[in-house]
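This report describes the fold, the aromatic pairs and selected residues of one protein chain. The sequence and structure are shown first.

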Amino acid sequence: MKKKIIRELRDLTDKAYRNQLDRELSILEEGFKDWKNKKIDCFELSDRIHQFHDGSARDLWKRYTYSKDYAYSVAIAIVEGSLQKSDISEEAYNQLKHIIERHFQDTSD
């Protein structure tokens, strides 16, 4: 794989990680709003923070930083909707197409 494609996939991996982490933090933010509005108490908020840290935040970290398989990470992000096919160059997408078709049944078109 060309260095240019690897660099693009690495950058797209970072973008997907940010997109998904932003989404998960927005969910956690709702917990803070509920706490401020006295809908939940401090212990419930603490539990939500703990669940975020040990759950979705950790899963995303493992997916996007622990693994250096950028092609696979970007393919997952496209299938899950964290990245759009239009976010990726045609040349890079062609490198991913076989992964998407083999493992995820191409739903990105």
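Which pattern does the protein chain follow when read along the sequence? The pattern is α-α-α-α-α, and the protein chain accordingly holds five helices and zero strands. The model is a predicted one.

**Overall dimensions**

The C-alpha trace of the protein chain spans about 55 × 25 × 20 Å along its principal axes. The radius of gyration is 17 Å, whereas a compact globule of 109 residues would have a value near 13 Å. Of the 109 residues, 32% count as buried. The accessible surface comes to about 7,400 Å², and carbon and sulfur atoms contribute 49% of that area. Among contacts with a separation of 6 or more, 63% are made by residues 24 or more positions apart.

**Aromatic pairs**

A pair of aromatic rings is described by the distance of the centres and the angle of the planes. The count in this model comes to two aromatic pairs, listed below.

| Pair | Centre to centre | Angle between planes | Arrangement |
|---|---|---|---|
| Tyr 17 and Tyr 64 | 5.6 Å | 25° | stacked |
| Trp 61 and Tyr 66 | 6.1 Å | 45° | tilted |

The pair of Tyr 17 and Tyr 64 links distant parts of the chain, with the two positions 47 residues apart: Tyr 17 belongs to helix α1 (residues 3-36) and Tyr 64 to helix α3 (residues 56-66). Tyr 17 and Tyr 64 are both buried. In the tilted pair, Trp 61 counts as partly exposed because its relative accessibility is 43%, a value that lies between the limits of 20% and 50%. Tyr 66 has a relative accessibility of 64% and therefore counts as exposed.

**Surroundings of Thr 13**

Which residues does Thr 13 touch, not counting residues up to four places away in sequence? On that basis, its contacts are Tyr 64, Tyr 70, Ser 73 and Val 74. Thr 13 lies in helix α1, and its relative accessibility is 1%, so Thr 13 counts as buried. Tyr 64 thus appears twice in this description, as a contact of Thr 13 and as the stacked partner of Tyr 17.

**A nonpolar surface patch**

Phe 32, Trp 35 and Ile 49 make a nonpolar surface patch of about 250 Å². Ile 49 is placed in helix α2 (residues 42-54). Why can Ile 49 belong to a patch? Its relative accessible area is 34%, which makes Ile 49 partly exposed, and patches are made of residues with over 30% relative accessible area, so Ile 49 passes this cut-off.

**Two loop lysines**

Lys 38 lies in the loop between α1 and α2. The phi angle of Lys 38 is near 65°, a positive value in a residue other than glycine. Is Lys 38 buried or exposed? Lys 38 counts as exposed because its relative accessibility is 74%.

Lys 85 is found in another loop, the one between α4 (70-80) and α5 (90-104). With a relative accessibility of 33%, Lys 85 counts as partly exposed. From C-alpha to C-alpha, Lys 85 is 13 Å from Glu 8 in space, while the two residues are 77 residues apart in sequence.

Conventions:
Residues are numbered from 1 along each chain as its sequence is written. This is a predicted model: local features need pLDDT of at least 70, side-chain atom pairs count only at pLDDT 80 or more; totals for chains, interfaces and linings use all residues. Side-chain values use heavy atoms; hydrogens and water are left out. Patches are made of residues with over 30% relative accessible area and no salt bridge: like charges are joined within 9 Å, nonpolar side chains (Val, Leu, Ile, Met, Phe, Trp, Tyr) within 5 Å. Accessible areas come from the Shrake-Rupley method with a 1.4 Å probe; for residues, only the protein chains shown count as cover. A salt bridge is a side-chain nitrogen of Lys or Arg within 4 Å of a carboxyl oxygen of Asp or Glu. Helices (H or I, at least four residues) and strands (E, at least two) are DSSP runs, numbered from the N terminus. Buried means under 20% relative accessible area, exposed over 50%, partly exposed in between (1.4 Å probe, protein chains only). The radius of gyration is taken over C-alpha atoms; the globule rule is 2.2 Å times the number of residues to the power 0.38. Contact means heavy atoms within 4.5 Å. Rings of Phe, Tyr and Trp (its six-membered ring) pair if their centres lie within 6.5 Å; planes under 30 degrees apart count as stacked, over 60 as edge-to-face and the rest as tilted.
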